[in-house]
Each structure stands twice: as structure tokens, then as C-alpha cells.
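Here is a brief report on salt bridges, burial and one kinked helix. Please keep the coordinates open while reading.

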Amino acid sequence: MEGQGSKVPGCKVVLLGDSGVGKTCIITRFVSSSFDANMTSTNGASYCTKLVKYEQLGKNLLLDVWDTAGQEKYRSLTKFFYKDAAAVILVYDITREDSFENMKNYWYNQLLENCDKNVVLGVVGNKCDLFEEEKVTEADAREFADKIGAIFELTSAQNNTGITEIFQEVGNKYLDPNFQQKIKQVEKEKNEEGKESKIGRASCRERV
């Protein structure tokens, strides 16, 4: 970790998506570990901060997490809040196909127009506790996330599912753009070692 007295780097993370998809609930769950099903929609934008430890990288990061309004009447205003974002998390509601289509066709395009090309991207399918009412399949959402080079996570602010994970993964990629590739390589090497070990044991049995 950083030594005492060293300045902790900051990262502006903005959540974008239609009104009612649960952006405010995701942020509240992440920052204060609480949930309020009756939380009102955000007007304009608001933000809060949280210091997060990234153990695998040995670093700390101060996340400035911005909540933006999804209502159409605020859309011309909210773009000023996310144009300088270091990371953007696109949020849709798995029970609302329109929120997924708007995420792909409106919010992602707004991101391309107003954010830096190197912005770290995340795609979140929220309200996964309502899986019985699912209108957007995980496969379709993952396909879109892969297409735009985004981290994908299913979340539930109510059940506290996937909330910490998405912010951890976004922060890891911000601190080290090659983090995911390194993890995949490690996993690949472990799998290969496991296969070799099984082959070795089989050969031993054959020789006995």
C-alpha cells in the first residue's frame, strides 16, 4: 500500500442509465451499506466518496462516485457531470427491456460523445434479485459489454449482490488497464497446471 503521507489517487466514477434502474440504490449500498426501496429519483447529479483498497495491486483509490438523473428533462444538464469521468458504469434494469435498449442506443452514444476515449467502462444489470421477471438475458448483456470492452456484472442493491465487485473491477482496471488480461493469464496457467497434474496421475496409474 501507499506509504504514510502519500496522496491517495482519485478516480471519478459516473453511473449512467434511465431513471428507475437503481443507480442511486447501487451507490448508497456501496458507500453506506444501506438500502431504501423508496429512494427518490436524482435531480441533476450528486456525488459521494469512498476510499477503497485494491489488495491485489497493493494500492488505495479514492472513488468519487457520481449519481446522475435519468429523466429526459435533465439529460442536457447531466452530460456536464460525466464528460471528465475516468470510469463510467452503464446501468440497466433486467426487468425492463427499454432500459437496456436506451443504455445501448442513447447512454453509450452520449458517453462516446462526451467522455475520453480511454474511459474505463462497466455494464451493470441491476435488480437481479427479480430474476423471475427478467426481460433482458445475461447472454445479451454480456455480448454488448464484450463488444464495447466493458466489465460486466449482475447486481442487486437490495440483496447486496455484485455491488462491491463492480467497483473493485472498475478500480482495478483504472489502476492497471491490463489487470483483467493478467488475471485471465494466471487462471489459464492454473488450469493448464491442473490438466498436466491429472495427466501425470493418470500416467502413474497406467504404469502400476
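Arg-96 is partly exposed, with a relative accessible area of 24%. The model is predicted. Arg-96 pairs with Asp-98 in a salt bridge, with the closest N and O atoms 3.4 Å apart. Asp-98 is itself partly exposed, at 41% relative accessibility. The pair belongs to a network of salt bridges that links Asp-18, Arg-96 and Asp-98.

A search of the whole structure finds six salt bridges. Three of them, including the pair above, are tabulated here.

| Acidic residue | Basic residue | Closest N and O atoms |
|---|---|---|
| Asp-93 | Lys-127 | 3.2 Å |
| Asp-98 | Arg-96 | 3.4 Å |
| Glu-101 | Lys-104 | 3.6 Å |

Take the Asp-93 to Lys-127 bridge, with its 3.2 Å separation. Asp-93 lies in strand β4 (residues 87-93), and Lys-127 sits in the loop between β5 (120-126) and α4 (138-148), so the bridge ties together parts that are 34 residues apart in sequence. Asp-93 has 2% relative accessibility, so this residue counts as buried, the limit being under 20%. Lys-127, at 24%, counts as partly exposed.

The Glu-101 to Lys-104 bridge has its closest N and O atoms 3.6 Å apart. Both residues belong to helix α3; they are three residues apart, and therefore separated by about one helical turn. Glu-101 is partly exposed, with a relative accessible area of 29%. Lys-104 is partly exposed too, at 24% relative accessibility.

Helix α3 covers residues 97-114, which is 18 residues. At 1.5 Å a residue, α3 should span 26 Å; the end C-alpha atoms are 25 Å apart, so the two values agree. Where is the kink in α3 centred? The centre is Met-103, and the kink is about 40°. Met-103 is also one of the buried residues of α3. Others on that list include Phe-100, Trp-107, Tyr-108 and Leu-111. Ser-99, Gln-110 and Asn-114 are buried as well.

Now the whole chain. The secondary structure comes to six helices and six strands. Along the sequence, the pattern reads β-α-β-β-α-β-α-β-α-β-α-α. Buried residues make up 42% of the 208 residues. Among contacts between residues at least 6 apart in sequence, 73% join residues at least 24 apart. The accessible surface of the protein chain is about 11700 Å², and carbon and sulfur atoms account for 47% of that area.

How values were computed:
Residues numbered from 1 in each chain as written. Predicted model: local features only at pLDDT ≥ 70, side-chain atom pairs only at ≥ 80, totals over all residues. Heavy atoms only, no water. Helix = DSSP H or I, 4+ residues; strand = E, 2+ residues; numbered from the N terminus. Expected span 1.5 Å × (residues − 1). Bend = angle between axes of the 7 residues up to and from the residue. Buried < 20%, exposed > 50% of the residue type's maximum accessible area, 1.4 Å probe, protein only. Contact = heavy atoms within 4.5 Å. Areas by Shrake-Rupley, 256 points an atom, 1.4 Å probe, with all protein chains shown as cover. Salt bridge = Lys/Arg side-chain N within 4 Å of Asp/Glu carboxyl O.
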